[in-house]
Structures are given as structure tokens and as C-alpha cells.
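Reader: I would like a close look at one part of this model, the place where two helices pack against each other, followed by an account of what lies around them. Please take the time to connect the details as you go.

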Amino acid sequence: MLLNIDKVQKSYPGGRPVLRDVSLTLDQGQTLALTGESGSGKSTLLNLAAALDSLDGGEITLDGTALSPLDDRGRATLRRQSISLVFQQFNLIPSLTVAQNLSFHARLTGREDTGWTAHLANRLGLSELLPRYPENLSGGQQQRVAIGRAMAAQPKLLLADEPTGNLDETASATVLDLMLSLVADTGAALLLVTHSQDIAARLDRHAHLTGGRIA
Ligand SMILES: Nc1ncnc2c1ncn2[C@@H]1O[C@H](COP(=O)(O)OP(=O)(O)OP(=O)(O)O)[C@@H](O)[C@H]1O
């Protein structure tokens, strides 16, 4: 099992519990869609799985490492080693070209492989766009760069928060197809937050978050 989310609890200061008792597992190579109403805690759970925030109760284990005993530095190391993220806002670095954005995360993690990055650029239809800057790309193109940047680091776990939320139907379909095929080819696991039942149906499994629990 790659990711084990076990009886996780999370509240924000002064707020009611967001996650009361959430358990989920994800195997290497599996894809899981996480749905739930707005405010149900999907992004909160994704941030916890990304080791970006600390748990109040329960445990999350990633590739055999329990997250709750880790300090900020330990969490950052684990993130660098195993996790990539894709967000609704593409979060590209505006001062870097497409080529530089693509290799940015892999370079940080020490896993830059120029051949793999070039392969990704080709698969994602970005080869002609490498010298451009993000401001000169469409939303769909920007998200393809963000996916390439995530996959260039060869993550074990890809976490995606509404990755097609800012895209029209055509661009969404392209981005989702590319993301699923890259994940399948690399054997990465994917946890994807979405409001779309159609997208959820494309993934191996589907979990629905409601009332702080998985329904
Ligand atoms: N940093 C924070 N501090 C305080 N409260 C927060 C924080 N982040 C989220 N919340 C609250 O926690 C609850 C869950 O938020 P979260 O963003 O996880 O929901 P979501 O299911 O991802 O929502 P959406 O679908 O609208 O993106 C909400 O009530 C939100 O207001």
C-alpha cells in the first residue's frame, strides 16, 4: 500500500472539525477520485496527504513512513522524494520559460532526467512551446506544463486538486486524458479532487467526503 490514511482528524483553530474520521488507502498505480460538497474538506485532506499540514489525530503513512512524527523539515524531505502536486490554478513560475518550468521541480528534487523531461514535453504536446513564457499560453497549455513539471520529478504519488476546474470542456478532456495516461505509464498513484462525476467515473476508485467522513 502506497498511501494509508487512517482515522484522520483535522480542525482549524476556532473552527469545527473538518475531518472527523477519514480512512482511505491507495495502492501504487491506483487512481482515486475524491468528491464532496464545497467545504467538505477535500483540499484539507489533500494537503494532509501532501505532508503540507499536520494532523490532529489518526495517521497518514506514505510509502511506509508515518507523517505525524515528522517535523517541517522531515515533511519537506518526504514531499520532495515522493509527491508532486497539480492545482486548479496552474501555479507556473511566470519568469521562467516552459522548458524551465518543466524541469523546475525535478531539479529541486535532484531527479532531473533531461531525456524523460523531453519525452514528457513531446507527450504533452509542448515541444513547440518550450521557449515561451506562461503568460503566452492558454489555460489548457499551462496545465499541461504543470502536469509535465509534476511528472518530471517521477513522483510515487500525484495529488491533483481540481486540475481541470479552470478549463473548458475540450481542454479538460485533453488534460485529464494526458494525466491518466502518464500516471498509468509511470505506475504513480493519483489522488484527484473533483466536483465532476464524469471525471470521477474515469478513475479506478471513487470516495465521497461528507460530514467529515468518507461515505
Ligand atoms: N487555513 C484554514 N483556516 C481555517 N479554516 C479553513 C482553512 N482551510 C480551510 N478551512 C475551512 O475548512 C473547511 C474545509 O475546507 P476545504 O478547502 O478543505 O474544503 P473543500 O471540500 O476543498 O472545498 P471546495 O470544494 O470549495 O474547494 C471549510 O469550512 C473551510 O472554510
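Author: A residue is called exposed here if 12 or fewer other C-beta atoms lie within 10 Å of its own, and buried if 20 or more do, with partly exposed in between. The model is a predicted one, and what follows should be read with that in mind.

The packing of two helices is described by the angle between their axes and by the distance between those axes. For helix α3 (residues 98-109) and α5, the angle is about 35° and the axes are 6 Å apart, and α3 passes α5 in a right-handed crossing. On the side of α3, the residues that take part are V98, N101, L102, S103, F104, H105 and A106, and in α5 they meet V145, G148, R149, A150 and A152. Sorted by character, the residues of this contact divide into 7 nonpolar, 4 polar and 1 charged.

Within α3, the buried residues are V98, N101, L102, S103, H105 and A106. These buried residues pack against α5, and also against β6 (83-86) and α4 (114-123). Directly after α3 comes G110, which has a positive phi, near 75°.

Turning to the partner helix, α5 (residues 139-152) supplies 6 residues, the largest share, to the largest nonpolar core. That core has 59 residues, and those with the most contacts inside it are A49, I147, L157, L158 and L159. For I147, once its neighbours within four places in sequence are left aside, the contacts are V86, L124, V175, L178, M179 and L182.

Another residue of helix α5 is Q142, which counts as buried because 24 other C-beta atoms lie within 10 Å. Not counting residues up to four places away in sequence, Q142 touches F90, L92, P134 and L137. In the case of L92, the two residues are 50 residues apart along the chain, while their C-alpha atoms are separated by 7.4 Å.

The loop between β6 and α3 holds N91, a residue other than glycine whose phi is nonetheless positive, near 60°. N91 is partly exposed, because 14 other C-beta atoms lie within 10 Å. D63, likewise not a glycine, has a positive phi of about 50°, and is found in the loop between β4 (57-62) and β5. With 16 other C-beta atoms within 10 Å, D63 is therefore partly exposed.

A further loop, between β5 (65-66) and α2 (72-82), is the place of D71. Is D71 buried or exposed? D71 is exposed, because 9 other C-beta atoms lie within 10 Å, which falls within the limit of 12 or fewer. Along the sequence D71 and S54 are 17 residues apart, and in space the distance from C-alpha to C-alpha is 9.0 Å.

Last comes the surrounding of the ligand, whose shell is made up of Y12, G15, V18, G36, S38, G39, S40, G41, K42, S43 and T44. Helix α1 (residues 42-49) gives the most to this shell, with 3 residues. By character, the residues of the shell divide into 2 nonpolar, 8 polar and 1 charged.

Technical notes: Residues numbered from 1 in each chain as written. Predicted model: local features only at pLDDT ≥ 70, side-chain atom pairs only at ≥ 80, totals over all residues. Core = buried A, V, L, I, M, F, W, Y, C linked by C-beta atoms within 7 Å. Helix = DSSP H or I, 4+ residues; strand = E, 2+ residues; numbered from the N terminus. Contact = placed C-beta atoms within 7 Å. Near = placed C-beta within 6 Å. Nonpolar A, V, L, I, M, F, W, Y, C, P; charged D, E, K, R; others polar. Axes fitted to C-alpha atoms, helices over the stretch in contact; angles between N-to-C directions. Left-handed = near helix turned anticlockwise from the far one by under 90°.
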